[in-house]
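Visitor: I've got this one open on my screen and I'd like a quick tour. Could you walk me through it?

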Amino acid sequence: MTAASTAHDAQATVTLTSPRLVKQMGGGEAALNLIKGALTQLQKQGIKIDTVINYVDLDTNTLNNIAYSFFPQLIVMSIPDTSKRMIAYATLIAIKEQKSKNWTFLDYGNLNDDQMKILLPEFVGKVDFPRA
């Protein structure tokens, strides 16, 4: 996911995004179009993702045969003023669904309670989500 972000690779980003979120975005094609649009907006504003730093020394847990791990992420971006950088912070959950071989990712940091209930219903009330 880090490589996809820094390369502005919309297709890889969709592939690595949790299917739970992709479904809510309207499916794969709609998600791809939304991500492409967001990347285009960044380019128009002169913003480029330079570096993504993941804190990955965290435990993996299991709930209802779903493996998951929380990790914070720092995103360093170039902006038009080349003497400055923009830094963003994200709180992600890596999820390996019961019948999947692959890990996918979801940024839950800005989700409200209703969105959490839609995207991660098994977790609500059972798992404490670390917040920034």
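Visitor: Let's start with Ile66: does that residue count as buried or exposed?

Guide: Keep in mind that this is a predicted model. Ile66 sits in strand 3. Buried means under 20% relative accessible area, and Ile66 comes in at 4%, so Ile66 counts as buried.

Visitor: Which residues is Ile66 in contact with, leaving aside its neighbours within four places in sequence?

Guide: One partner to look at is Ile95, 29 residues along the chain from Ile66, with the two C-alpha atoms separated by 7.0 Å. Leaving aside the neighbours within four places, the contacts of Ile66 are Arg20, Asn61, Ile95, Lys96, Glu97, Glu122 and Phe123.

Visitor: Arg20 caught my eye there. Which residue does Arg20 meet in a salt bridge at 2.6 Å, N to O?

Guide: Side chains of opposite charge can pair when their charged atoms come close. A salt bridge here needs a Lys or Arg nitrogen within 4 Å of an Asp or Glu carboxyl oxygen. At 2.6 Å, N to O, the partner of Arg20 is Glu97.

Visitor: How many residues apart in sequence are the parts that this pair, Arg20 and Glu97, ties together?

Guide: The side chains of Arg20 and Glu97 form the salt bridge. Arg20 is in helix 3 (residues 19-24), while Glu97 is in the loop between strand 4 (85-96) and strand 5 (104-107), so the parts they tie together are apart in sequence by 77 residues.

Visitor: And what is the distance between the closest N and O atoms in the salt bridge of Glu122 with Arg20?

Guide: Glu122 is partly exposed, at 23% relative accessible area, whereas Arg20 counts as buried at 15%. In their salt bridge, the closest N and O atoms are apart by 2.8 Å.

Visitor: Where does Glu122 lie?

Guide: Glu122 and Arg20 form a salt bridge. The pair ties together parts 102 residues apart in sequence, because Arg20 is in helix 3 and Glu122 is in the segment after helix 5 (113-119).

Visitor: What about Asp50 and Arg85: which strands do they lie in?

Guide: These two side chains meet in a salt bridge as well, at 3.6 Å, N to O. The pair ties together parts 35 residues apart in sequence, because Asp50 lies in strand 1 (residues 48-54) and Arg85 in strand 4.

Visitor: Are Asp50 and Arg85 buried or partly exposed?

Guide: The partly exposed class runs between 20% and 50% relative accessible area. Asp50 has 29%, and Arg85 has 49%. Both values fall in that range, so Asp50 and Arg85 are partly exposed.

Visitor: Which residues do salt bridges that share partners join into one network?

Guide: The count of salt bridges comes to four. Arg20 pairs with Glu97 and also with Glu122. The one network built from shared partners is made of Arg20, Glu97 and Glu122.

Visitor: On to pockets. Which element gives the most to the lining of the largest pocket?

Guide: That pocket holds about 790 Å³ of space and is lined by 28 residues. Elements giving two or more residues to the lining are helix 1 (2-6), helix 4 (28-44), strand 1, strand 3 (66-78), strand 4 and strand 5. With five residues, the one that gives the most is helix 4.

Visitor: How many residues of that lining are nonpolar?

Guide: Ser5, Thr13, Gln73, Ile75 and Asp107 lie nearest the centre of the pocket. Across the lining, six residues are polar and two are charged, and the nonpolar ones number 20.

Visitor: Thr13 is on that list. Is Thr13 buried or exposed?

Guide: Thr13 is placed in helix 2 (residues 10-16). Not counting residues up to four places away, Thr13 touches Met1, Ala4, Ser5 and Ile35. Its relative accessible area is 15%, under the 20% cut-off, so Thr13 is buried.

Visitor: Last one, zooming out: what is the radius of gyration of the chain?

Guide: The chain has five helices and five strands, running α-α-α-α-β-β-β-β-β-α from the N terminus on. The globule rule gives 14 Å for 132 residues, and the chain is close to that, so it is as compact as a globular protein of that length, with a radius of gyration of 15 Å.

Notes
Residues are numbered from 1 along each chain as its sequence is written. This is a predicted model: local features need pLDDT of at least 70, side-chain atom pairs count only at pLDDT 80 or more; totals for chains, interfaces and linings use all residues. Side-chain values use heavy atoms; hydrogens and water are left out. Helices (H or I, at least four residues) and strands (E, at least two) are DSSP runs, numbered from the N terminus. Buried means under 20% relative accessible area, exposed over 50%, partly exposed in between (1.4 Å probe, protein chains only). On a 1 Å grid over the protein atoms alone, a cavity is a set of points where a 1.4 Å probe fits but cannot get out, and a pocket is an open set with protein on both sides within 12 Å along at least five of seven lines; lining residues have an atom within 4 Å of a point. Grid points are joined across faces, edges and corners, and a volume is the space filled by probe spheres set on the points. Ala, Val, Leu, Ile, Met, Phe, Trp, Tyr, Cys and Pro count as nonpolar, Asp, Glu, Lys and Arg as charged, and the others, Gly among them, as polar. The radius of gyration is taken over C-alpha atoms; the globule rule is 2.2 Å times the number of residues to the power 0.38. Contact means heavy atoms within 4.5 Å.
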